[in-house]
Each structure stands twice: as C-alpha cells, then as structure tokens.
Amino acid sequence: MVSDRDHMVHALSLGRRGLGQTAPNPSVGCVVVRNGRVVGRGWTQPGGRPHAEAMALAQAGAEARGATAYVTLEPCAHTGQTPPCAKALIEAGVSRVVAAIEDPDRRVSGRGFEMLRAAGISVETGLMAEQARWDLRGFLLNRRQGRPEVTLKLALTVDGRIATASGESQWITGPQARREVHAMRARHDAVMVGAGTVRADDPSLTVRNLGIAHQATRVVISRKLDLPDASLLQRTASQVPVWLLHGKDAPESARDAWRAAGAQTHEVALAGRQIDMAAALACLGELGICRVFCEGGGLLAASLMSADLVDRLVVFSAGLALGAEGQPGLGALGIERLSEAPRFDLRDQRQIGSDTLSIWENKRFAATR
C-alpha cells in the first residue's frame with residue numbers, strides 16, 4: 001500500500017525538477033491523491049509561476065474534490081501575480097493537505113495553514129521535513145538571512161591542488177565529472193567565480209551539452225573590474241546574464257564598458273582590501289538569487305570559507321598528484337588550531353567516471369536539523 005511518505009517522496013522529486021529555474025520563488029512539488037490514486041501532480045514552473053499546487057490542481061480537475069494534496073512547502077496565503085495557493089486548494093475542494101515544512105516568508109509563515117484549517121481542511125505538517133529543508137535551503141536562507149545558499153565546488157587532485165604551478169588545470173577531472181558540473185550549474189540560480197578565474201581561464205560558465213535551455217546568471221566578484229577586454233563573459237553578456245559585483249574604486253569606464261556589453265554592475269562594500277563576501281551575498285539575495293554555485297578560484301573559496309558562508313561543499317577528487325608546487329584548492333585561511341577549522345559532515349559520496357564526488361554539509365546547518 002502506498003503511504004503518505006511515498007507520496008511526499010514523489011512531491012519532493014517533482015520539486016527538485018525546478019531547482020535553478022524558479023528564483024526568487026521556491027521550487028515546490030505537489031501531488032494530489034484521491035482514493036489512493038494520483039490524479040494530479042505539478043512543480044513550480046520556470047520564472048516561479050504557475051505554482052506547483054496550481055499545476056497539480058489543473059491536472060486533477062474535478063477529481064481534486066475530497067482528495068489529499070501533498071506539498072513540499074506551506075501553500076502561499078498572499079496575492080501576488082497569482083492568487084493564493086491555499087485559496088486554490090480550498091476552492092478545489094481538497095479535504096486534506098500534508099505539507100513538509102512551513103514557509104518562513106513573512107507574507108505566509110503559517111497563514112496558509114490557517115486559511116486551510118479555517119475552511120475545514122485537515123492539515124498535517126512535518127512529513128520528511130529534513131529532506132524538504134535540504135532541497136529548499138536556498139529559499140529558506142534567502143527569506144531568513146537575506147542571502148542565498150552557497151555551494152562551493154572544488155575539482156582537486158588527491159593532494160588538494162587545482163592547477164599546476166604554471167596554472168594549467170584543463171583537465172584535472174574526467175569528462176563524466178565535467179558533465180556532472182554542468183548539470184549542477186543548471187540546478188542553481190547563479191554561477192560565481194572570482195576575477196582571477198576570469199583572467200586565467202576565460203570561462204563561459206554556461207550549461208552545455210545537456211539539451212537544457214535554462215542558463216544560470218553568471219556572477220563575477222571583482223573589486224576593481226580589472227578583467228580582460230573581449231572575454232567570453234563580456235562577449236556573451238547580452239545572451240546569458242552577467243552580473244559583476246565590485247568595490248567603490250572600480251573605474252567608471254570599466255563599469256560603462258560592461259554595461260554597454262549587456263552586463264549588470266553592482267557596487268558592494270569592502271572588507272579591508274577585498275570584497276566583503278557577506279555584503280556580496282546580501283546583494284545577490286536582494287536581487288532574488290537563492291542558490292549560488294561557486295566555482296572558485298582559491299582566493300574566493302578561502303574568503304567564503306573564512307566568513308563561514310559555505311553551506312555545501314562539492315568536491316571532485318581525481319587520481320593524480322601535482323605536489324607542493326601546484327596551486328592549492330583553497331587560499332590561506334589563517335588557521336592556527338584545528339578547533340578553528342570549518343567542519344563539514346559527509347552527505348553523499350559516489351564515483352563519477354574515474355573520479356570521486358563527495359558532497360559535504362556545513363555542520364552549522366546540520367546542527368539545526
């Protein structure tokens with residue numbers, strides 16, 4: 001017999017389909033079940049609407065009456081560009097709603113559940129809440145702390161190097177690992193690198209060879225906008241969004257050149273001589289970004305680590321060694337005692353081609369589960 005948990009697993013899997021495509025809205029999944037049979041299912045559509053509940057109810061039609069709706073996040077209770085999902089569930093005649101977690105958005109935050117209960121609908125919460133918080137963490141952080149979730153990706157040799165002493169890094173990992181990275185980009189709202197990576201690699205940071213139309217916003221952290229002219233990012237800024245986060249001392253001529261190419265420039269505060277990464281993430285959060293995929297380099301990675309702003313660590317380990325003269329995956333952290341080191345819990349590990357993928361979770365977040 002199919003259980004409530006089975007249906008919520010289904011809803012969560014649907015919600016993950018929209019990751020990276022729905023910001024600033026959450027990527028939610030919804031399954032409508034009547035007499036043990038799935039009569040409707042949906043997930044948040046690109047751009048954030050229609051919402052998952054609306055998609056599932058439209059598919060269910062009249063069969064939604066008396067049904068149970070399984071939804072990964074509390075149905076919204078406010079009127080925006082679309083009517084409240086709580087109201088849609090009431091009007092459809094569902095008799096029961098099973099939700100994983102409450103929506104922390106101040107416009108909702110329990111009001112959706114209140115609307116449903118006031119209409120005589122049975123509401124149950126907390127089913128598979130841990131998995132829902134993992135899937136929706138970017139949205140949750142955006143609403144609670146005003147910043148996006150940060151996933152730091154590192155492609156390392158077994159001795160922790162990202163390039164040779166001369167800077168050669170293509171390719172440390174194999175084609176299967178690189179394909180997985182493209183899939184990860186597609187599930188994030190933004191891909192972020194530092195100015196050093198742009199100067200060294202001239203990356204495009206696009207999703208390729210997956211048959212996916214969605215492209216994440218490309219973000220570059222560059223205090224002075226001292227980036228090469230006619231880079232791939234600049235040449236394609238009018239096709240795929242490019243945002244540059246810079247300091248107050250970035251020349252106006254550089255700002256104008258990037259804007260003329262189609263990019264956005266955003267001035268953020270400094271911490272000493274570098275961009276304040278907490279301020280940079282707050283800027284991205286205000287712009288609606290919920291999920292950031294950071295691809296380096298070592299100095300940017302170290303600045304995020306030092307500020308305890310890495311929520312998820314994705315490490316591809318390759319079976320080669322470059323020695324002490326190779327470039328390290330992380331810049332200096334200034335750590336003198338082990339107790340000062342950032343700690344992560346292993347969430348998943350698997351082989352990708354000839355490489356090993358490890359996914360780590362910040363202990364700060366793990367402790368809240």
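**Figure 1. The two faces of strand E8 in the predicted model.** Both faces of E8 are covered. Ala190, Met192 and Gly194 lie on one side and are buried. Val191 and Val193 lie on the other side and are buried as well. Strand E8 spans residues 190–194, and five of its five residues are buried, so the strand is largely enclosed by the rest of the structure.

**Figure 2. Strand E8 and its pairing with E9 and E14.** E8 and strand E9 (residues 217–221) run parallel and are joined by five bridges. Within this pair, Val193 of E8 stands opposite Val220 of E9. E8 also pairs with strand E14 (residues 291–294), again in the parallel sense, over three bridges. Here the bridge partner of Val191 is Phe293 in E14.

**Figure 3. The largest nonpolar core.** This core has 39 residues, and Val32, Val97 and Ile101 touch the most other members. Strand E4 (residues 96–101) supplies the largest share of the core, five residues. A second core, separate from this one, has 29 residues, including Cys283, Val292, Ala301 and Val310.

**Figure 4. The surroundings of Ile101.** Residues up to four places away in sequence are not counted in this view. Ile101 then touches Thr72, Leu73 and Glu74, and also Phe113. Its other contacts are Ala129, Ala132, Arg133, Leu136 and Leu140.

**Figure 5. Ile289, a buried loop residue.** Ile289 sits in the loop between helix H11 (277–286) and strand E14. Its relative accessibility is 5%, and the limit for buried is under 20%, so Ile289 counts as buried. Which residues are in contact with Ile289, leaving aside neighbours within four places in sequence? They are Asn142, Pro148, Asp189, Ala190, Trp243 and Leu284. One of these, Ala190, belongs to the buried residues of E8. Leu244 is 45 residues from Ile289 along the chain, and the C-alpha atoms of the two are separated by 14 Å.

**Figure 6. Asp135 and its polar contacts.** Asp135 is found in helix H5 (residues 129–135). Is Asp135 buried or exposed? With a relative accessible area of 10%, Asp135 is buried. Its side chain forms a polar contact of 2.7 Å with the side chain of Arg16. A polar contact of 2.8 Å links the side chains of Asp135 and Gln131. Not counting residues up to four places away in sequence, Asp135 touches Leu12, Arg16, Leu19 and Arg291. Arg16 therefore appears both in this list of touching residues and in a polar contact, as a polar contact is a pair of N or O atoms within 3.5 Å.

Note on methods:
Residues numbered from 1 in each chain as written. Predicted model: local features only at pLDDT ≥ 70, side-chain atom pairs only at ≥ 80, totals over all residues. Heavy atoms only, no water. Buried < 20%, exposed > 50% of the residue type's maximum accessible area, 1.4 Å probe, protein only. Helix = DSSP H or I, 4+ residues; strand = E, 2+ residues; numbered from the N terminus. Pairing = 2+ DSSP bridges. Core = buried A, V, L, I, M, F, W, Y, C linked by side-chain atoms within 4.5 Å. Contact = heavy atoms within 4.5 Å. Polar contact = N/O pair within 3.5 Å; in protein donor to acceptor, adjacent residues only side chain to side chain.
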